[in-house]
Structures are given as C-alpha cells and as structure tokens.
Amino acid sequence: MRSWRMAMRCGSGGTSMWPVCREQGIAAITYRRVSKTDLSKVAEREFLRVCGGLSVPRKVSLHRLAYEMKPGDVIYVKEGHKIIGKGTIKGGKARPYIFDSHTRIIDENGTLWSHQVPVHWDDTWLPIEIMVGKSQRYAIEPIDLVDVARLTRKRVAVGTNSLSTYIARVCWNTKNWIQPSGDASESEADGTYASENGFGHEEWLFNFQWMIDGWKHGFLQPINRSIQKLKGSNINLRLFTITADRNRQYIGEINRCTVLNDAQASDAVRIYKKSGWLSQMRRQIHAVSGDTSALQCSPLELFNIRFKPEDATLYAPPIPVKNNDYVNRLNRYSLVSLTGRRASVEKQWRGRVGSTKDKPTGKQKRTGRGDTLVDLVHNELQNELASLLKTKYGRKAVVVEENFVDICLKVKRRVVFIEVKSDPRAVQAVRQAIGQLLQYYFIAKTNGGPPTELIVAAPGTANAEKQFVDHLRTKWKLPIRYVCFRSGMKESEIDI
C-alpha cells in the first residue's frame, strides 16, 4: 500500500473539483490535451509517446494515476496548504484506473475530467492545515511514512480538541475485548453486573468483525448512566480497566465516538439479529458459563455508542497507571470529564509514559481461560473468509488447515498462504502472524513448493502496519501483504 497526496483543482486558482469527486466516489485528474485519450487502452510502454506533449509535472502525475496507483492505496486530497480529504482506492487486484467515457465531470473551462480511480472517501475527515510531500509541483505525489505519521497526529489533534473528553471504565478482559473472557465475573466484587451475569456488555467493544456501514457499535456502562444527557452527541473517550490483581491500566482510546439515540440502537439490534451476530454473542456467553438471558434487554442496553475503527486505539500493551494518577481514585462505572485538574490525565495518555520499575515476576493472579475462547472468534472469521474465497475461486481452490496453514488458496500459478488473526490491533495481528507465515514458507520451500504470496488477514485497520509489511516486500523481497477482513465483507471488498 502506498499513500498519495493529490490536488483536484481546475487550473491555477480555479474551481475545486473535490466536492463532485467526493460525491461520485472517485479521484480524478485531467489535462485538455489528453482529456479524450483512454489510457486503459494504452500500454504503459506507449504512455510517453501518447502523452509526450505534456509538461513533466503533468506527465508524471497522470502516469501515477493511470499506472502506479493500486487498490488499497490511500489518497490525501490537497487544497492550498490544507489536506481536506482522505480516501482508499477501491478494487481487487486489477488496475483501478477508469476512463470515464460518459463525461460525468466537466470543469468550468469545458474540459473533461475523464481520468479517474474509484475511491471510498472517509466522511469523518476534517481539514488539516499541513504541507506534506517533497515537492508541490505535482498534482499527484507519493508521500512517505513520516508524512503519514504527521497527518495522523495532526488529525487526532484537529478532530478531537473541539469535543469533550471523558474517562470511562471497562470491565477486565484478557481477550482484548473481542468477546467475553470470563475474567470480569471472577475479578469483580459481588453485586456488580458482571459478577451476577458472568460477563459485561462491553466485552465485544473491539470486535471489528461485526460492522454496520463501516461503524462499530458497542456498549459502555458509563455511557449508559449518562445516556439521556449525551444522546446524539460526539465525544472522546479514554478507557481504563481494573485487573484481577486490582491494578489499573489504560487500555485504549476512542475519538469522535457517537452516543446513539433509541432509533439507532434499535436498528443495530435488528441488524445483529438478522446477521446472526446476536446468536454468536449468546454462544460466546455460554462458553464462559454466563447468563444468556441478560441479552434480553432494551436496545440501548446492548448498544449505546458507535465509532469508526480507525478512530479507536487498543494499546499494545496496556499502560500501567502511575501511583499519583487521578484514575486511581475511580472505581465506579461512571463518566468523568477531563476538565480542570483532571485534564493532566490526558498528558499521560498522550505521552504513553514508560515505567522505570521492573515488571512483576513470580506468580500473579490471572483468571483467563486460555486460548480456546479466542478460537471461537478466530474460527468464525476463518470459516467466513474461506467460504468467500470458495465462492470466488471455486471449492477446490481453497484448503483449510493444511500443514497448519489457516487457509491455502491455489489458483493457477498462485499459491497463497493466509494466516487469519482476530486481534483488533493490526500491529499485534502482524506480529503474531509473521513468525507463523515465515515458518510455513520455510517448510513449504524445503519440500519444493513455496507459496507465491503470504497474507495476514485481520479485522483491524492498518496504516503504519500495512506499510511495514510493504517494506518487507520491497526491502527483504518477502511476498507478504496485510489485508483487512471483517465479517460481512463482500467478495469485491477483499483484496485476495
């Protein structure tokens, strides 16, 4: 995956074409001399001959859109000194370039904007005043990891400063809040919801397999206590937990989180029932000996928030809370506003302050139930991906668990080893999968049949992690990729 900075303005100081491109789900570029030239019919080796009359910056920019951009690449839209939009190029493995012969876009000069790529635009992006890239001469320019990191940091600052920020407690969970782990019921005092029912409703908070139109719907008990006050509002959340050892940890954050109203919660419940996700929740509760009847509640007691996965961060690993931290005073499942003297907590969250103390050794109280619970989620994800690939390539092309490989896809000369991970943190999924894939690759190569591709498939949204995997491809020549896969995705959305 590459990242690009792209301008979509009609000439110097002309009208911005960004609004119409965003509305139509495309990124577009044009130059009058080649506005009617269909580059989908022009081989790359013929490009210079066909477009030789263009200036160097125009020639380079058009070549990048027509031949270099790939599905999964990220486009940042430039306008003046601002980045005003962000999107991901859609498509499978095929070249995404489209020549629009229907002339959907014509600028104020009467020029056709016919050179396009399809893009899924991020409707939560806010304009950022920042300059990225090595040169501003080109309408399209690749940007490096440093610029992507700068954009990410700036986006957090711009998008969150205007919203109220709250501290919220979540129940203890040793399975990354993908599903109930059984720990909350054993670690909390008698009389709490988790101790009585065997689970907490927030234990699916980071399960990004179950998505509704790009949104993750979840529940937080602190929100439930303030639901009438917050319905329909957007807030930032800083999450902490109290472990089985009674230690406090920062576990993550959610920015631009929307508090649901009654209708939105009811819609989420309806979709969960129809998709079979509510039934899966019951099976997971049963696996930890919880009370499944606790799910027979009002919609707002099942779902009271929604957020985009890219706006959520689950720390890897969690951050220990310092002795003098205000969070040590908090025990209840209530929202606490980060204002006044409490605002200092935000600095610790942002700073990811390390500890000078040695990590504890010896025996510690841990009530996790082992890896078998995670297998429930992993297996469901693995089965769904295998089923989609069978539909796409045929049943004989897909083999599951051959020589311990989660999924092996064999199509013509392609042999793809796919390692599926349920971890919502892309960085952790990549770390867990790389060692396994390299071992499978080594064994297969020793036996004379190495795969042509290695894929890490997980539900987390990857930015730097995906680019790290791409670095392994270019620097170390490993045929490895990261693919985001979540339950409910269609064949056309999966880049395999």
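This passage walks through the cavities, a helix, a loop serine and the cysteines of a predicted model.

A good place to start is the empty space inside. Searching the whole structure turns up 3 cavities of 30 Å³ or more. The largest cavity comes in at a volume of about 50 Å³. Its walls are built from His-201, Glu-202, Trp-204 and Leu-205, together with Lys-216, His-217, Gly-218 and Phe-219, and then Tyr-272, Met-281, Leu-302 and Phe-303. Strand 10, which spans residues 216–218, supplies the largest share of this lining, with 3 residues. Sorted by class, the lining of the largest cavity splits into 7 nonpolar, 3 polar and 2 charged residues.

The second largest cavity holds about 40 Å³ of space. Here the lining consists of Leu-388, Leu-389 and Lys-392, joined by Glu-491, Ile-494 and Ile-496. That makes 4 nonpolar and 2 charged residues, with no polar ones in the lining of this second largest cavity.

Met-281 leads on to helix 10, since this residue of the largest cavity's lining is also one of the buried residues of that helix. Helix 10 runs over residues 277–287, and its buried residues are Trp-277, Leu-278, Gln-280, Met-281, Gln-284 and Ile-285. These residues sit on the same side of helix 10, because they cover an arc of only 155° around the axis. After helix 10 comes Ser-289, and its phi is positive, near 60°.

Another serine worth a look is Ser-35, found in the loop that links strand 2 (26–29) and helix 2 (47–50). Is Ser-35 buried or exposed? With a relative accessible area of 6%, Ser-35 is buried, because buried means under 20%. And what is Ser-35 in contact with, once neighbours within four places in sequence are left aside? The list is made up of Thr-30, Phe-99, Thr-111, Leu-112, Ser-114 and His-115.

Finally, the cysteines. The structure holds 0 disulfides. Cys-51 has a relative accessible area of 0%, so it is buried. Cys-257 likewise counts as buried, because its relative accessibility is 0%.

Conventions: Residues numbered from 1 in each chain as written. Predicted model: local features only at pLDDT ≥ 70, side-chain atom pairs only at ≥ 80, totals over all residues. Heavy atoms only, no water. 1 Å grid on protein atoms, 1.4 Å probe; cavity = no way out; pocket = protein on both sides within 12 Å on 5 of 7 lines; lining within 4 Å. Points joined across faces, edges and corners; volume = space filled by probe spheres on them. Helix = DSSP H or I, 4+ residues; strand = E, 2+ residues; numbered from the N terminus. Nonpolar A, V, L, I, M, F, W, Y, C, P; charged D, E, K, R; others polar. Disulfide = S-S within 2.5 Å. Buried < 20%, exposed > 50% of the residue type's maximum accessible area, 1.4 Å probe, protein only. Arc of directions from axis to C-beta. Contact = heavy atoms within 4.5 Å.
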